[in-house]
Structures are given as structure tokens and as C-alpha cells.
Amino acid sequence: MSTSVSPRFLGSRAEGLCLVLFTACSWGASWPQTKFLLSELPPFTMRGFCGACGCVFAFAVAMARGESLLPPPAQWGRLFVFAMLNYGVFIVFSTEAQVYLPASEAIVLTYTLPIWAALLAWPLLGEVPSWRQYLALVLAIGGVVLLVGVGSAGMRWEQLPGVVMALAGAVLFGLGTVLAKRRPLELPPATSVAWQVGMGTAVLLVLAAFETPDWSRVTPAGWACVAYVATIPMTVAYLAWFRALRLVPASMAATTVLVSPMVGVLGGTLVLGETLGPRQIVALGLTLAGVALAARG
């Protein structure tokens, strides 16, 4: 029996949607593992070390694929901007937001990125949202909000910096999504990811210099988490993400990626023993309904 992929699938919107779903699941699965690692290492040390390992892995993938490792001179400026929007500054803001906010609140604010991507895609890409996309956003965001129970406790003034940083990270990632769709980097895929991860990691390593990690606290389970975070979500998923942006509208991609917090919740339940009750199940259904609607365009 043939296992080859149909030529009709390659380059189609169906392929793009599958790649976005893979990316979303990979990123979602990294949340409980990152949370576990934060109990063993300071935040920027953990992020910087995973990023450095991911950068080495991405360059190894690029070499194995026979890609050119040196970007053309004209690409350096855009490469730096993309690296900051898609990785470096986004990781800094989303990590710091968890210092001021409970993880659940930081997640819901960070995953407002589909709203910003859809809004920015209108003027920058001419992608006018359809009624299905608006309804998909309402359902998906409603599911995420229900998931974390926003409004169950009042927001305190000392939490405001976390709110600002989480929203700033979401806006910047949404902008990076739209810009990558509007004018993709003229680089081989793995090389592009390697340089973006490397540039973004440089920012994290500067911040990590002010931390004092105790590497003896890292358990075998922690090293396994490092191996996963450094390879699948940081390299393989980004390769899938940037290819998907060539195949589907930016607003659809950003809405579909809302599967990530759902996967994170399920992972937290299975790995960390967190609660999965009726509210979480209803939220999961709402978000998946929104994703399904977005997939129909």
C-alpha cells in the first residue's frame, strides 16, 4: 500500500490547517512542561538554555537538509525584526507576565493574539474578516475565558504590569504573524528558524545573566522536558508554523492556534494533576467549535 502524500494535499489549505494544528498542539504541550521546569530553574535561565539547545538543533536540521546557513545581507534587518516579534520579545513578555499573574490569567491574555492578528490582517493584508471568522473568534476566545474563569477574582493594581506585558506579547506575536504572511523571509525554512531562535535567545541569555540557577536541582524529568521544549515546539513547530502561513489566511492560523491552551489544560491534568471539571470541558468544546468554524473560512 502506498504511503505517499497526495499531490492535491501538498500546498493546499488542508495541509496548512494540519500544520497549524500540529503547531498548536506542540506549543500547548510545552506549557505544563515549562511550568514544571520553572520549579527547577529561574525563568530566563530555563528559557535561555532551552533556546540555546533549540538553536543548535535547528542549525543541525538546516545542515542535514543541505540548506545555506548564511542569510543574504539584505535579509538581516527583517530577520532581526521577525526574531524579536515571533520569539525573543514575545517570550520575555509572556514569561514576565507570569511573575505578576497566575498562569491561567497570563495564558488567556496571551492567547488574545488571534484578535490582534485578525485586526492587523485587515489593513496590512486586506483580509476582511467574514462573519464566520468573527463568530469563530467569539467562540474561541469565550472558551479560553471560561477555561481560566476570568472575572472570578478582581484584578489588583499590582497585577497591571503583568496584564500589560501579556497583551503586549500577544499584539507583537499577532503583528509578527501578519508580517510573515505579507512578506516572508527569503531564507530556507530551517535556517530561518535557527537564526530567529538564536537572535531571540540572545535576549533571554542577557536577562538570565542576572539569575543564579542551581543546576543540581534539575531532575531527569526536567532534562526530558528541556529536550522536548528545545526541539519540538521551538524548532519543528516553528517550521510548520511558517509554512502554514503561506497556505492559510493569517487570521485563520491565529484562531486555530487557540487549541494550544486547551492542550495545555489537558496536559496539566495528566502530567501535573490539575483539575479538569465541567467548566473546562465546556470551554474545550467552545474553543474547538471556534477552531472548526475558522477552518471552514
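Is E15 buried or exposed? In this predicted model, E15 is buried, with a relative accessible area of 7%. That value falls under the 20% cut-off for burial. The residue is also charge-paired. Its side chain meets that of R243 in a salt bridge, with N to O at 2.7 Å. E15 belongs to helix α1 (residues 13–37) and R243 to helix α9. The two partners lie 228 residues apart, and the pair thus links distant parts of the chain. R243 has a relative accessibility of 35%. It counts as partly exposed because this value lies between the 20% and 50% limits.

The structure holds two salt bridges. The second pair to be described joins R65 and E67, whose closest N and O atoms are 2.7 Å apart. Side chains of opposite charge can pair when their charged atoms come close. E67 sits in the loop between α2 (43–64) and α3 (76–100). Its relative accessibility is 13%, so E67 counts as buried. The side chain of E67 also reaches the backbone nitrogen of T191, at 2.9 Å. Beyond neighbours within four places in sequence, E67 is in contact with A62, P188, P189, A190 and T191.

The overall fold is helical in its assigned elements. The protein chain comprises 12 helices and zero strands. Of its 297 residues, 50% are buried. Contacts were also considered by sequence separation. Among those between residues at least 6 apart, 90% join residues at least 24 apart. The chain exposes about 13,400 Å². Carbon and sulfur atoms supply 71% of that area.

Nonpolar packing was examined next. In soluble globular proteins, nonpolar side chains tend to be buried together. Here, the largest nonpolar core has 61 residues. Those with the most contacts inside this core are W27, C50, L113, F173, V193, Y238 and W241. Helix α9 (residues 220–244) supplies the largest share of the core, with 11 residues. Apart from this core lies another, of six residues, including L101, A106, L109 and V163.

W27 illustrates the contacts made by one residue of the largest core. Not counting residues up to four places away in sequence, W27 touches F173, P233, A237, Y238, W241, V257 and S260. Among these partners, F173, Y238 and W241 are themselves listed with the most contacts inside the core. Helix α9 therefore appears in two settings: it gives the largest share of the core, and it carries R243, the salt-bridge partner of E15.

Methods:
Residues are numbered from 1 along each chain as its sequence is written. This is a predicted model: local features need pLDDT of at least 70, side-chain atom pairs count only at pLDDT 80 or more; totals for chains, interfaces and linings use all residues. Side-chain values use heavy atoms; hydrogens and water are left out. Helices (H or I, at least four residues) and strands (E, at least two) are DSSP runs, numbered from the N terminus. Buried means under 20% relative accessible area, exposed over 50%, partly exposed in between (1.4 Å probe, protein chains only). A polar contact is a pair of N or O atoms within 3.5 Å; within protein, one must be able to donate a hydrogen and the other to accept it, and residues adjacent in sequence count only if both atoms are side-chain atoms. Contact means heavy atoms within 4.5 Å. Accessible areas come from the Shrake-Rupley method with a 1.4 Å probe; for residues, only the protein chains shown count as cover. A nonpolar core is a set of buried Ala, Val, Leu, Ile, Met, Phe, Trp, Tyr and Cys residues joined through side-chain atoms within 4.5 Å. A salt bridge is a side-chain nitrogen of Lys or Arg within 4 Å of a carboxyl oxygen of Asp or Glu.
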